[in-house]
Protein chains: 2
Amino acid sequence: MSTVADSAFLRACRREPVPRTPVWFMRQAGRSLPEYRRIREGVGMLASCRRPDLVCEITLQPVRRHGVDAAILFSDIVVPVAAAGVDLDIKPGVGPVVAEPIRAAADVDRLRPLTAGDVDFVAEAVRLLVAELGGTPLIGFAGAPFTLASYLVEGGPSRTHARTKALMYGAPQVWHALCAKLAEITRAFLRVQIDAGVSAVQLFDSWAGALSLADYRRFVLPHSTAVLRGLTVPRIHFGVGTGHLLAAMADAGADVVGVDWRTPLDTATAAVGPDHALQGNLDPSVLLAPWDVVEIEVRRVLTEAKAAPGHVFNLGHGVLPETDPDVLTRVTDLVHRAA
Amino acid sequence: MSTVADSAFLRACRREPVPRTPVWFMRQAGRSLPEYRRIREGVGMLASCRRPDLVCEITLQPVRRHGVDAAILFSDIVVPVAAAGVDLDIKPGVGPVVAEPIRAAADVDRLRPLTAGDVDFVAEAVRLLVAELGGTPLIGFAGAPFTLASYLVEGGPSRTHARTKALMYGAPQVWHALCAKLAEITRAFLRVQIDAGVSAVQLFDSWAGALSLADYRRFVLPHSTAVLRGLTVPRIHFGVGTGHLLAAMADAGADVVGVDWRTPLDTATAAVGPDHALQGNLDPSVLLAPWDVVEIEVRRVLTEAKAAPGHVFNLGHGVLPETDPDVLTRVTDLVHRAA
C-alpha cells in the first residue's frame with residue numbers, strides 16, 4: 001500500500017506521473033449515501049460538523065464504499081464563521097441563515113478572529129481520520145471569503161447576490177474590511193486542519209462565478225490570495241460557472257484548479273497554463289443517466305484531461321442527493337481501469 | 001418624431017448608424033415600479049398576462065416613466081404552454097409550478113400545438129400597444145425550448161436542472177420530441193405577436209448557461225434555430241451565464257445577441273463576429289450602488305460596446321425588484337447623452 005505522500009492523488013496535485021488517475025467526488029460524504037442519511041437522522045448539520053466521531057464516520061463512508069483516492073473532511077463552509085461567534089443556523093432545504101446580516105462597518109467590527117480553540121472539534125476529527133485513513137489522503141475544506149461574505153451580507157442563500165454586490169460597489173472599504181477578516185478566519189481554519197494532518201485543502205468559492213473577471217480581480221482575488229498564500233499542502237481552488245475566472249483563480253495561489261462541467265478540461269488547461277493541475281469535471285446530472293451514457297462522458301473527461309499537466313477526476317459540482325451510489329462506485333472503478 | 005422603422009433601437013438591431021445608443025431594460029415593466037405593484041394588486045401573474053388592458057398599461061408604464069427606446073410586451077415565458085393546455089400556475093416568490101411534469105414519451109404526446117386562437121389576448125394587447133406607442137418599437141417575447149422544457153420536466157424552477165439533463169442524456173429521443181413541440185409552440189406564439197405588429201422579438205433562454213457548449217449544440221441549438229429561422233423582424237437571443245455559448249446562440253439565428261454582465265462587450269464582439277449586434281450588459285446589482293458608481297459602470301459598458309457593430313444598451317439580466325426606478329430614468333438619460 002502506498003504512503004499518503006506517494007498517493008496518486010497527491011502526485012497528481014503536484015503534476016507528477018501517476019499509475020492511474022485519482023478520483024474523488026465533491027459531496028461524496030452526503031445525502032446520496034443511505035448510511036449517511038441514517039447516521040444524520042435527528043442531528044442538525046452544524047451539530048454534526050461539531051462531533052468528531054460523526055465527522056470521522058461520515059468522512060470515511062464514501063472511502064469505504066467507493067474506494068475513492070481521497071477523503072474530504074465533512075464540514076460546511078459556515079462552520080468557521082459560526083465558531084467565530086456569528087449567530088447562524090443551517091436550515092434543511094434552505095441553507096445557512098444568518099440572524100444579523102452584515103451590511104455596515106459596525107457589523108464588520110463585530111466579527112472576531114478565529115482561534116484554534118474555537119475549532120478543537122475539527123482538529124480532533126482530522127486526527128481521528130488521519131489515523132483511520134492509512135494511505136488515503138485527507139482533504140481539508142473551507143469556503144472562500146466572497147462566498148462567505150455573500151451568506152453573511154444576504155443573510156442566507158441568494159440567486160442574485162444583489163446586496164453583496166451593492167456593498168461591494170457602494171462601500172468598497174467596508175467590503176474589503178469584511179473580506180480581509182473572513183480571509184483571516186478562513187486561513188486560521190485551514191491552518192488548524194493542516195496542523196492536525198490534512199494532506200491538501202480545497203477552497204470553495206461557490207458563488208464567485210457571479211462576478212465579471214474585472215470585479216473578481218478587484219474585489220475577491222486579493223482576499224482569496226491572502227487565504228492560500230504559503231500554505232504548506234497542495235491547494236485546490238474551485239467555483240461554479242467560473243470559466244471566465246479560471247486563470248485568476250489559479251493566480252490566487254492554487255496548485256489545482258477545480259473546473260465545472262461547462263468548460264472542457266482542454267480549454268481549461270489552455271486558460272490556466274502548465275503550472276496548475278486540474279480537477280473535474282463530469283456534470284453531476286450525467287450520473288442520473290443510463291450507464292452507457294455515463295461511461296461515454298467519463299471517457300470524454302479523461303480524454304480532454306490528457307492536455308492537463310495533472311488531473312484529479314471529480315464531478316463539476318457536488319454529488320446530487322438523488323444519485324445512485326452504485327454509479328459512483330462504478331465511475332471510480334472505470335477511472336481507475338482507464339488507460 | 002421618428003418612425004418605428006427608423007428608430008434608434010431598430011437601426012442598432014440592423015447594425016446601422018444611430019444618432020444615440022438606444023436603451024431598454026429587461027423587466028422594465030415590473031416590480032421596481034410602484035405603479036406596477038399598484039395595478040397588479042390582487043391579480044395573479046397569469047391572469048394579468050391574459051388581460052389586454054392590463055398588459056397594455058403595464059407595458060407602457062416604463063416607456064412613459066423612463067423614456068426608454070423600446071417597449072417589451074408584458075408576458076411570462078410559460079404563457080404559450082399554458083395557452084396550449086399545460087396545467088400550471090405562477091406562484092409568487094416561487095415561479096412556474098407545473099401540475100403534471102413531463103418526463104416520458106407519453107407526457108410529450110399530451111402536448112398539443114398552439115393555435116392563434118389560444119392567444120387572442122396577446123394579439124389584442126399587441127394591437128392596443130402598437131396604436132399607443134407611436135414611434136416607439138414594441139419587442140415581442142418568448143421563452144426558448146430548453147428553458148421551457150426545464151420548467152416542464154422539473155415541475156418548477158430548479159438550480160441544477162438535474163431531471164431535465166437526465167432526460168436529455170438518458171432519453172434523447174424523448175428530449176428532442178419535447179423540444180421540437182416546444183419550438184413549434186414558441187414559434188407560433190412569436191408569429192402571433194409579429195402578425196399583430198411587434199417590431200422585434202426576444203427569445204429568452206434563461207437557463208441555457210447551465211449546459212456545456214457541446215451539449216448546447218447537440219440538445220438545444222437545433223430547436224432554438226427552428227424557432228428563430230426566417231422570422232421577419234429582428235431577433236434578440238438572450239441567456240444568463242452564457243459566455244461560453246455566445247457564438248452558438250448567434251448561430252441559432254439571432255440578429256442581436258444578449259450578453260450578461262460576466263462577459264465584457266468587446267470580448268462578446270470577438271466571440272460572435274461582425275454580423276451580430278449586441279445587447280447588454282450592466283450588472284443589475286450596480287443600480288443599487290451610489291450614482292457615481294452607476295455612472296462609471298454605464299460609461300464602461302458604452303466604451304466596451306464601441307467594438308460591436310451595433311449596440312442596444314440594457315442590463316445583463318432583469319431589473320431587480322428593489323431597484324429605485326429613478327436610477328433607471330437617470331441611466332436612460334445618461335446613455336442618451338453619452339457621446
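In this predicted model, His161(B) occupies the loop that joins helix H8 (145–154) to helix H9 (162–170) of chain B. Although His161(B) is not a glycine, its phi is positive, at about 55°. His161(B) has a relative accessible area of 3% and is therefore buried, the limit for that term being under 20%.

A second residue with a positive phi is found in chain A. Arg27(A), which is not a glycine either, has a phi of about 60°. Its place is the loop between helix H1 (8–13) and helix H2 (34–40) of chain A. With a relative accessible area of 63%, Arg27(A) is exposed, since that term applies over 50%.

**Backbone and sheet of chain A**

Chain A contains an open sheet of seven strands, in the order E1-E4-E5-E6-E7-E8-E9, with parallel pairing. Strand E1 (71–72) and strand E9 (311–315) of chain A form the edges, each pairing on one side only. Within the sheet, strand E6 (residues 235–238) and strand E7 (residues 256–258) of chain A are joined in the parallel sense by three bridges. Phe238(A) has Gly258(A) as its bridge partner in E7(A). Across E7, strand E8 (277–282) and E9 of chain A lies helix H14 (residues 265–272) of chain A, which runs at about 150° to E8(A).

Strand E8 of chain A also holds Asn281(A). The peptide bond that leads from Gly280(A) to Asn281(A) is cis, with omega near -10°. In chain B, the bond from Gly280(B) to Asn281(B) is likewise cis, with omega near -10°, and Asn281(B) belongs to strand E8 (residues 277–282) of chain B.

**Aromatic rings**

How many aromatic pairs does a search of the whole structure find? There are twelve over all chains. In one of them, Phe141(A) and Phe204(A), the ring centres are 5.0 Å apart and the planes stand at 50°, so the pair is tilted. Phe141(A) belongs to strand E4 (residues 138–143) and Phe204(A) to strand E5 (residues 200–204) of chain A, so this pair ties together parts that are 63 residues apart in sequence. Phe141(A) is buried, with a relative accessible area of 9%, and Phe204(A) is buried at 12%. Ring pairs also bring Phe238(A) into a cluster with Phe141(A) and Phe204(A).

In chain B, the planes of Tyr36(B) and Phe74(B) stand at 65° and the ring centres are 5.7 Å apart, so the pair is edge-to-face. Tyr36(B) lies in helix H2 (residues 34–40) of chain B and Phe74(B) in the loop between strand E1 (71–72) and helix H5 (79–83) of chain B, so parts 38 residues apart in sequence are tied together. Both Tyr36(B) and Phe74(B) are buried.

Rings and charges also meet, as the following table shows.

| Charged end | Ring beneath | Distance from ring centre |
|---|---|---|
| Arg330(A) | Trp291(A) | 4.1 Å |
| Arg330(B) | Trp291(B) | 4.1 Å |

**Relation of the two chains**

Two copies of a chain are related by a rotation about an axis and a shift along it. Here, chain B is superposed on chain A by a rotation of 180° with 0.0 Å of shift along the axis, at an RMSD of 0.0 Å. This is the relation of a two-fold axis.

Which residue of chain B comes closest to the rotation axis? That residue is Gly241(B), whose C-alpha is at 3.7 Å. Of the interface residues of chain B, 100% are also interface residues in chain A, so the copies meet through the same surface.

Conventions
Residues numbered from 1 in each chain as written. Chains lettered and ligands numbered in written order. Predicted model: local features only at pLDDT ≥ 70, side-chain atom pairs only at ≥ 80, totals over all residues. Heavy atoms only, no water. Phe/Tyr/Trp six-rings, centres within 6.5 Å; stacked < 30°, edge-to-face > 60°. Helix = DSSP H or I, 4+ residues; strand = E, 2+ residues; numbered from the N terminus. Buried < 20%, exposed > 50% of the residue type's maximum accessible area, 1.4 Å probe, protein only. Lys NZ or Arg CZ within 6 Å of the ring centre and 35° of its normal. Least-squares fit on C-alpha atoms with pLDDT ≥ 70 in both. Contact = heavy atoms within 4.5 Å. Pairing = 2+ DSSP bridges. Axes fitted to C-alpha atoms, helices over the stretch in contact; angles between N-to-C directions.
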